[in-house]
Structure formats: C-alpha cells, structure tokens
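Here is a note for a colleague who is opening this model for the first time. Please look through the structure below, and then read the numbered points beside it.

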Amino acid sequence: MTYRVTVDADVCISSGKCVADEPEVFRFDDDEVAELVPGAPDLADRRLVEVARNCPSGAIQVFDGDTEIDVL
Ligand code: SF4
C-alpha cells in the first residue's frame, strides 16, 4: 500500500522545507501554512518519510493505512 501524508496546520511553523523539497506536493496556503496540493503526484514511500523527517516541527504525518509511521 502507498503511504499517505497529512500536514497538521496547528504544528507547521512555515519553515518552507517541504515546499522547497517537493513543490508539486506541498504548498503554502494564504496564511503561509503548508498544505497538500490537490491532485499532487504520488511520491515514493521512502521519499515521503524523508520529507516528513526533515520537517523541523514534526507537522508532516505519514500513514500506512490507518497506522501512523514513526519517521524519526
Ligand atoms: S517542513 Fe514542516 S514546518 Fe516547514 S512548511 Fe512544511 S510542514 Fe510546515
């Protein structure tokens, strides 16, 4: 199964790391909080984990089905 990713808007500190790393998947909303781009291409599971790990605030969560992956 392909991993699924979410962004917790309450935790995002607007560092822009995910937007810079994968601009086709992450973007800023009007409040400069990261969100997923609708219809974004699927990233490889390993890449999703990498992007989530690089988020300085831990706002990006990765799920395998209903189970959250520990990216650290
Ligand atoms: S890397 Fe994390 S803190 Fe930075 S913009 Fe993305 S979700 Fe927000």
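## Notes on the salt bridges and the cavity

1. Arg 47 and Glu 50 both belong to helix H2, which covers residues 45-54, and because they are 3 residues apart there, about one helical turn separates them. Their side chains meet in a salt bridge, with a distance of 2.4 Å from N to O. Please keep in mind throughout that this is a predicted model.

2. How exposed are the two partners, Arg 47 and Glu 50? Arg 47 has a relative accessible area of 22% and is therefore classed as partly exposed, and Glu 50, at 37% relative accessibility, also counts as partly exposed. The pair does not stand alone, for salt bridges with shared partners link Glu 22, Arg 47 and Glu 50 into one network.

3. A further salt bridge is found in helix H1, residues 17-21, where Lys 17 and Asp 21 both lie, 4 residues apart, or about one turn of the helix. The side chains of Lys 17 and Asp 21 come together with 3.3 Å between N and O. Lys 17 is partly exposed at 36% relative accessibility, while Asp 21 is partly exposed with a relative accessible area of 22%.

4. Arg 27 and Glu 35 form another salt bridge, in which the closest N and O atoms are 2.6 Å apart. The relative accessible area is 36% for Arg 27, which places this residue in the partly exposed class, and 27% for Glu 35, which is partly exposed as well. Over the whole structure, the search finds 4 salt bridges.

5. Turning to the interior space, the structure holds 1 cavity of 30 Å³ or more, and the volume of the largest cavity is about 90 Å³. There are 14 residues in the lining of this cavity, and those closest to its centre are Cys 12, Ser 15, Cys 18, Ala 34 and Cys 55. By class, the lining of the largest cavity comprises 9 nonpolar, 4 polar and 1 charged residues.

6. Where does the ligand sit? The ligand is placed in the largest cavity, and 14 residues surround the ligand, the closest being Cys 12, Ser 15, Gly 16, Cys 18 and Cys 55. The shell around the ligand is made up of 9 nonpolar, 4 polar and 1 charged residues. When the two lists are read side by side, Cys 12 is named among the residues closest to the cavity centre and also among those closest to the ligand.

Notes. Residues numbered from 1 in each chain as written. Predicted model: local features only at pLDDT ≥ 70, side-chain atom pairs only at ≥ 80, totals over all residues. Heavy atoms only, no water. 1 Å grid on protein atoms, 1.4 Å probe; cavity = no way out; pocket = protein on both sides within 12 Å on 5 of 7 lines; lining within 4 Å. Points joined across faces, edges and corners; volume = space filled by probe spheres on them. Nonpolar A, V, L, I, M, F, W, Y, C, P; charged D, E, K, R; others polar. Near = heavy atom within 4 Å. Sits in = over half its atoms within 2 Å of the grid points. Helix = DSSP H or I, 4+ residues; strand = E, 2+ residues; numbered from the N terminus. Buried < 20%, exposed > 50% of the residue type's maximum accessible area, 1.4 Å probe, protein only.
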